[in-house]
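I opened the notebook to look up the overall build of one chain, then a single residue in it. My entries follow in the order of the look-ups.

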Amino acid sequence: MNRILNLQRAALGVHPAQLLAAFSLALLCLSGVSTWAASPDLSTSVPRGGQRGTDVKVTFYGNRLDDAQEVIFHEPGIAFKDLKVLDAKKVEATLTIEPDCRLGEHHLRLRCASGISYARNFWVSQFPNVAEVEPNDDFDAPQKIDLNVTIEAEAKSEETDYYLVTAKKGQRLSVEIEGLRINNITNNIAIDPFVTILNKDRFELASADGSALLKQESILQVEIPEDGEYIVEVRDSAYQGRGRYRAHIGTFPRPTGVYPAGGQAGSDVEFTLVGDIKGDYKTKAKIPTRTAEGTVGVSGENGGQFPPSPNYVRISDFGNVMEVEPNNSNTEVKDVVALPQAFNGILEKEGDIDYFKFSAKKGERFRFRVFANAIGSPVDPVMNIYDANMKSLGGSDDADGTKDSRVDFNSPADGEYFVRIKDMLDRGGSDFIYRIESLPSEKTIDVTMTEMLRRNLQYRKQFNVPRGGYYTMAVNTTRRGYSGDLVFDIPELPAGVTWEAGAIPKTVSQFPILLKAAPDAPIAGGLYKLKVKGTDPKNPVEGLFKQPLDLVRGPQNGVEYYTRYNNDLPISVVEEMPFSVTIDQPKAPIVRNGTMKLKVRAHRKDGYDKKITVRFPWKPPGITTPATMTFGEKDTELDYELNANSSAEINNWKITLIAESDGGKGLMMTATPFVNLSVEEPFVSMKLSMATAKQGEPVSMVAEVENLREFTGQADTQIFGIPAHATAEVVKIDKGTTNLSIPIVTSEKTPVGQHKNLFCTVTVVKDGEPILHRVGMGGVLRVDPKPKAAATAKPAEEKKVVAKTAPKEKPLSRLEQLRLEAKKAAEQ
């Protein structure tokens, strides 16, 4: 990492030429503090894949990549060499792909001296990679290619790409696209692939817009009807493409399903791959003990070739039960099995319904879960469970945000039961494969990390630990069937790195872990395992960290489109930061319904003068704080206030702060060492009586004091929440105080009315530090109006005699005049 040069130090005792060089370097450094490196941002790579058994030169694109040192791979089979930094946005490296490398999707990261990047995917094919040659958007002038190649191309808006192949009658022509999954464009889908196979006369043999197996990615197969030339058309389904794609075009098999859809961990299983246009075929595979996603890919060779990507099957701790036809009704099922088991079958025709029979004892609990859509099957399952008399005990269509079903079963009595499955729309076919697992209640621990930035699951999920510094993360633990304390375990770490964490109490599901790098730790890193274990040796349980990799997010507002999972925790040692932050160890506890001000200190190096923001990644139960606090550009101290509610958990907790600062190239992050925070019961409690005063008069508010714990000396007591234009004195209490009178003075301007929610603070001093309590919550002070002064009699005044005059007659209206004239005329 570059440093901001101290000119005075550099100038001492050097030759003028050296001084000039030093001065020039200083100007370069001081011209922008961007010399402080921040975590790298890897966006994509080109090409997006390569052929196994070859070397491929790849360019990585992103930001802050100018200190790149290594390519890290999540899966075996790929290595790198000849890494070269081109500039801050581009890095070149040659990837060596082993001949037996697994086909399909792999995941990699760039490790820089400043940290490890997000994970991005890279794809391995069995065929030579061929670049798209423009122009190829005219049907009559397509790009001519050999069969069995992988095209690396770019989709453009309102454009269609055409590829010309020569094939023989009876040959299988297969196309598989990697498009949506290989692009990382913020909140957008780069390409939703649409594929068509046509003859030279523009007659369409087949087309595909998505698939059950690969969701929005297209796969397509035809059997060539006659020798000749054929056109493969690739485009975005809405003509809006703006990203890269890979098109596998050749004679390879492309099964759309695999049966059975899973196997027992550690066993060898023979699978039937179904749905290929040339017919089904078999392959054997070893089932691993576990994976992050609970599945394993099965890829079977056929005619010397493999599918471009595997079909995935489930890994279970129990065996398989295969459907035996006929089983379309409960009366046709003969075999009864004891749980747990995995029921496997195929809805082979329209309207097909499958039943299985199992036995259970009263009180036994099992979670029945269907795996169909999740493993690429077209089945939209509906599952029901019945007793021996076909009384329904539960049913499910979609569950847990998926198209697959789930039913929690609690056996009401010893006996036999049925599970039934069908397609929601009564569809069927040779690849309508399903698997129903009956999962018993087991002890498990899920280990994840908090989503720290909305719709960004990889944000701050890399432990980039600065030399001589710290990094922290809050880890989530979800217990099932286990309620005891837990502890962390990281079996391996980079050289010079250690970790620290307390035991996770049984009442807590989230807890911090802190990593520290020695000042001389090598700049290096990799992928490591984070485990969480139970502390009871008689009740063993263990969980492994699982991280989601949200590789594609699209509209609207960053919805997850494509996410994979792994068990790897990226940890690296990075260059020393230009700042560090510490918390002064509190000498006194925080008490329930109390507050504390933590003294936080910023240690700036080499004149670093940028703002530093600190936040708690985790807080003990019942403790609240401001979301963040910030050191000004030259500040070195601040007070971070903690508040404990009435139910804050009593314990001695380890707490730390994350500190972040932008030195000009993005955020740099570190953490403080742990300090201990003791949460204790309060020393006193108090109950305030209602007080009444008139404006301008003093009043005493009486309080009942209960001493809960002994303390030495006197404690200051101050009342808060009193109205404006009123004052109150600080009064003293000691361990023997049981009643307290708090003088309050009102003024003529004090607002009239009931003033509620008064409370007191009581400050007990221990080991020279204040322990602040909030007590007497809900006090009331009533202020009445100031009494009015009595009215004084006014002197009598002489009465003046005023002569009365006759009131003027009101003139008659015209109507009244007419009535009067009519009356007089009648009297005559």
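Before anything else I fixed one term: a polar contact is a pair of N or O atoms within 3.5 Å, and within protein one must be able to donate a hydrogen and the other to accept it. I also noted that this is a predicted model.

Entry one, the local site. I looked up Gln462 and found the residue in the loop between β36 (444-449) and β37 (463-466). I checked its side chain for polar partners. A polar atom there lies 3.1 Å from the backbone oxygen of Gln458.

Is Gln462 buried or exposed? I read a relative accessible area of 7%. The cut-off for buried is under 20%, so Gln462 counts as buried.

Next I listed what Gln462 touches, leaving aside neighbours within four places in sequence. I found Arg109, Ile116, Ser117 and Tyr118, and also Tyr471, Met473 and Pro570.

Entry two, the whole chain. I counted 3 helices and 67 strands. I noted that 49% of the 828 residues are buried. Of the contacts between residues at least 6 apart in sequence, 67% join residues at least 24 apart.

Entry three, dimensions. I found a radius of gyration of 39 Å, where a compact globule of 828 residues would have one near 28 Å. The C-alpha atoms fill a box of roughly 135 × 125 × 70 Å along the principal axes.

Entry four, surface and charge. I read an accessible surface of about 39300 Å², with 49% of that belonging to carbon and sulfur atoms. I located the mean positions of the 102 positive and 110 negative charges, and they are 8 Å apart.

How values were computed. Residues are numbered from 1 along each chain as its sequence is written. This is a predicted model: local features need pLDDT of at least 70, side-chain atom pairs count only at pLDDT 80 or more; totals for chains, interfaces and linings use all residues. Side-chain values use heavy atoms; hydrogens and water are left out. Helices (H or I, at least four residues) and strands (E, at least two) are DSSP runs, numbered from the N terminus. The radius of gyration is taken over C-alpha atoms; the globule rule is 2.2 Å times the number of residues to the power 0.38. Buried means under 20% relative accessible area, exposed over 50%, partly exposed in between (1.4 Å probe, protein chains only). Contact means heavy atoms within 4.5 Å. Accessible areas come from the Shrake-Rupley method with a 1.4 Å probe; for residues, only the protein chains shown count as cover. Lys and Arg count as positive and Asp and Glu as negative; His and the chain ends are not counted. The place of a charge is taken as NZ of Lys, CZ of Arg, CG of Asp or CD of Glu. A polar contact is a pair of N or O atoms within 3.5 Å; within protein, one must be able to donate a hydrogen and the other to accept it, and residues adjacent in sequence count only if both atoms are side-chain atoms.
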